[in-house]
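This note is addressed to a colleague who is meeting the structure for the first time. Please read the points below with the sequence and the model at hand.

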Amino acid sequence: MGIDLVRFFGMLVHVTDTDSADYDYGVFSFASKAEVLDKAKEYWNPGKTQFWIDSGVPLVIDRREEYYLWDMSGKRLIDLHLNGGTYNLGHRNPEVVQALTVAMQHFDMGNHHFPALARTALAEALVTSAPAGLSKVIYGSGGGEAIDIALKTARHATQKRKIVSIAKAYHGHTGLAVGTGDDRFSKLFLADQPEEFPHVPFNDLNAMEEALRGRDVAAVIMETIPATYGFPLPDPGYLHAVKKLCQEFDALYIADEVQTGLMRTGELWGIAKEGIQPDILVTGKGISGGMYPIACVLVRDEHAGWLTEDGFGHISTFGGAELGCIAAIKALEICSRPETRSMVHYIADRVGTGLRAIQAEYPDWFVGIRQNGVILGLEFHHPQGAKYVMRQLYENGVWAIFSTLDPRVLQFKPGILLKPEVVDEVLDRTEVAIGRAYREAMGGRS
Amino acid sequence: MTALLADIPLEPAGVPRGRAMVERAQWASLAFATYDIETVRRIAQAAAEAGERVAAELGIAAVEETGFGVAEHKKLKNVACSVGIWNTYRDHDYVSPVLHPDRGIVEVPRPAGVVIALTPSTNPVATVFFKIMLALLTRNAIIICPHPFAKRVCTEAAHAMAEAAVAAGAPDGCIQVVEEPSIPLVNALMTDARVDVIVATGGTAMVRAAYRSGNPAIGVGPGNVPVMVDATADIAAAAHRIVASKAFDNSILCTNESVLIVEEKAAAGLEAALRREGAYVLAGEEIDAVKGVMFDGTSFDTAWVGKSAKQIAEAAGIKVPANTRILVAPFPLVVPEEMLAHEKLCPVLGMVVVPSAARGIDAARAVLRISGAGHSAAIHSEDAVTIMAFASAVPVLRVAVNVGNSLGSAGIETHLAPTMTIGTGFFGRSSVGENLEPKHLINMTRIAYPSHGSSAMPDFSALQPWHEPAGAVPPYPIASNMEGAPSLVRADDPQDELRDEIRRMVVEELREILRG
Ligand SMILES: Cc1ncc(COP(=O)(O)O)c(C=O)c1O
């Protein structure tokens, strides 16, 4: 691997001046980053591993702290990807870590067959925080499973099968969830079922009405702002109109708040900020502070009949693991603080103002800013524009990801506890990266 | 409830919340630091008027919560520390650049940033108001950390000013208050590296902790005020002022007189005059009885802080006239083992008679050897020579002349800066030797041109680096495709004023809808 860059902004991680230097993590070790990449291809996922190498982002995340990541080389990155909001509160948030560490002296995952301490406590906290009407909580081990639970609940409640989702949506890759997304992922596994999972274009009310008119739809599932599609913003009034159509045609409205919840819009739940009371709300990713997987589905009593009819109707050993619940209680409390809300408004303002100033310098390259709170999609005037910017940002110490389903758009997701000086640093780095990406995309040198 | 996880150390719940307050304050201070003078004045005036509105009600509440002082006097202090401070500083400007073309220097005021204010139980609301007013006048964000005895009333006081300030345009979070103070929380706040300055008014231990925190601190030490009356003094006037000052809020201000030193020639006359003003001069066994009540072994029993003279006399089994406002306790010599020579935050005044003004100065120095160095002293005299000798020998940083010290050294009845925080300077191990005032919460960035004149200073008079915020700070995060969201067009473009106005109205409307 030769000589690694070990000092980056004074942060010394691993001294690795030869191939034999050891990355010792206790229960496992590697000789070099190259070894990890080789073995990742050999034993894990060759396609994914190679993709990032080819994309100019050969990242193997080593140390993590606050909103910083360190590649094995020692290179420090400011994390604006947050794994879709998983690290909303930063990496290894000390309060979440402490809550978990203490809890681990007493709790484990728990036994999913029984009523449980932490599951009950989190359920109460979630119901208290949620939009009015949501009154029961069902747990999954991840977002996809939670989406499946939401869809199953809607089917049980309405006794209908069809699920309408937005074209280019992403709600996870589990059995039912995969049907709501792009067929790239369902066809691969012969799991596409277009009849049961119609897709309609975003912001198109006529198409939505057309899809619902037959009254054979169990639910419409939507992200409040579609993430993987680059956060196109719902037109003013669109979500309200969809909710109304659902009511009119007896379909449930499922709000996927996996990426838009937890204060990222400046309110705890993005859908509540819209003033909409969904029938079902799904949260995941950031809900447990990135420390222990868990996802939650909030439903109304009137749709929760299966929980009484057959409480064992959906079984998941890891769903609602108690350590995850404890992490989630803490994460939810941090997100709900008035101080946090105030800071998100400040961060959103400073980031928005800073980006608009950068935009003013590259008006025909950096063509759009989609922003709702600290959820941002940056649009570039090139079919693959966000990939150029992503690579330049990576070079410049910032990790932000392009939108899989619209690579013109860069997902730009500052954490909700980001400090002012880090916001300024991010803006400085972003300005340089956008300029370099511009010159690169336009054929010049960066 | 049993704590099932009892043996595992958990950070007290308030501590992380306190850290979040500091972070929020930091954001607020960054925004506040760009405000212009007109907006700052509007905010300070609104907060002051809000303080005045609740001055009486919180005076009563403070006495109820702490058991200290006199509600009516507290009201006076609350008014003095809200609109009083506003009136004092309304024409001062701690915001705009100051030009010194003759010296080639421009001073640009820069606020400290995040101020942690420790406030005492004795003057709770007044100190909260005072520190908030100073913070607002200087564009600082402030976190009030009240003494636990007065947490409820301090929370109310801070909220009253905060609401008015934010309604007048102050940044959200620029005034916060710790509602449940605790030692670990206060420690966490004081040692937080994001804090820019600690302003500590309180007990010595707290003040020293502020200095040890590693953050810049302005801490003030305790008082123990000697007041000398020499033979040249207007005896009747002196007696009147001393009794009124000692009775004010039952001696709860740290500037209240502690030991009266009277020149022998004036002693008899002064004693008679004191009696006429409502002082009861203790004699014989009465003195020991009062000492027995007030001092619990070798320290002042804080149960008597701010209690009335009559309550103390009653506890000591002494019958005093109904109009008694203070008790005077004569003692022979100022020495450390004499408890009457120590600080007494209640209307009991020690008294020693000295043969000459020179011996009186020695006695005053002896009082300050016990405690109160750097604080204040008073003198009633017509003789400039004696006054100068007193002021240059006694280790205090303010000497109030021919005025009650409670309000005299506090700047309310003198031209000293009106304050609830008396800087005790080097004598008193503090970084500030003046009465705390707004200027202590800013620094100046100085633009400096060469003194040899090779580059002349241009005219800076039209340059104003600060501005009025365009609306609520921070603005509500409206989605960027909604009407009213900020656009590429810069808000400070003058041609866009109308559009900005419309935008503001739309934003307001949307906010109402979202709230509703
Ligand atoms: C909006 C949304 N919903 C659901 C999911 C699925 O969550 P998980 O990956 O935990 O299964 C994701 C994951 O990216 C998501 O972004």
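The points that follow concern a predicted model and take up a ligand site, a strand and a single side chain.

1. The ligand site. The residues around the ligand belong to chain A: A:G142, A:G143, A:G144, A:Y170, A:H171, A:G172, A:E223, A:D256, A:V258, A:Q259 and A:K285. Sorted by class, this shell consists of six polar, three charged and two nonpolar residues.

2. Polar atoms at the ligand. One contact involves the backbone: a polar backbone atom of A:G143 is 2.7 Å from an oxygen atom of the ligand. Side chains also take part. An N or O atom in the side chain of A:K285 lies 2.9 Å from a ligand oxygen, and for the side chain of A:Q259 the corresponding distance is 3.0 Å. On its own the ligand has 390 Å² of accessible area, of which the protein covers 79%.

3. Strand β16 of chain A. How many of the six residues of strand β16 are buried? Six of the six are, so this strand, residues 375-380, is largely enclosed by the rest of the structure. The burial applies to both faces: A:I375, A:G377 and A:E379 point one way, A:L376, A:L378 and A:F380 point the other way, and all are buried. The charged residue A:E379 is thus included among the buried residues of β16(A).

4. The partners of β16(A). Strand β15 of chain A, residues 366-372, pairs with β16(A) in the antiparallel sense over six bridges. Within this pairing, A:G368 stands opposite A:E379. The two strands form a hairpin with two residues between them, and there A:G373 takes a positive phi near 65 degrees. A further antiparallel pairing, over four bridges, joins β16(A) to strand β19 of chain A, residues 406-412. Here A:L376 stands opposite A:F412 of β19(A).

5. A buried asparagine in chain B. Where is B:N123 placed? This residue is in the loop between β3 (114-119) and α5 (124-137) of chain B. Is B:N123 buried or exposed? With a relative accessible area of 8%, B:N123 is below the 20% limit and therefore counts as buried.

6. The surroundings of B:N123. The side chains of B:N123 and B:K77 are joined by a polar contact of 2.4 Å. Leaving aside residues up to four places away in sequence, B:N123 touches B:K77, B:D249, B:I252, B:L253 and B:M420. B:K77 therefore appears in this list as well as in the polar contact, given that contact means heavy atoms within 4.5 Å.

Conventions: Residues numbered from 1 in each chain as written. Chains lettered and ligands numbered in written order. Predicted model: local features only at pLDDT ≥ 70, side-chain atom pairs only at ≥ 80, totals over all residues. Heavy atoms only, no water. Near = heavy atom within 4 Å. Polar contact = N/O pair within 3.5 Å; in protein donor to acceptor, adjacent residues only side chain to side chain. Areas by Shrake-Rupley, 256 points an atom, 1.4 Å probe, with all protein chains shown as cover. Nonpolar A, V, L, I, M, F, W, Y, C, P; charged D, E, K, R; others polar. Buried < 20%, exposed > 50% of the residue type's maximum accessible area, 1.4 Å probe, protein only. Pairing = 2+ DSSP bridges.
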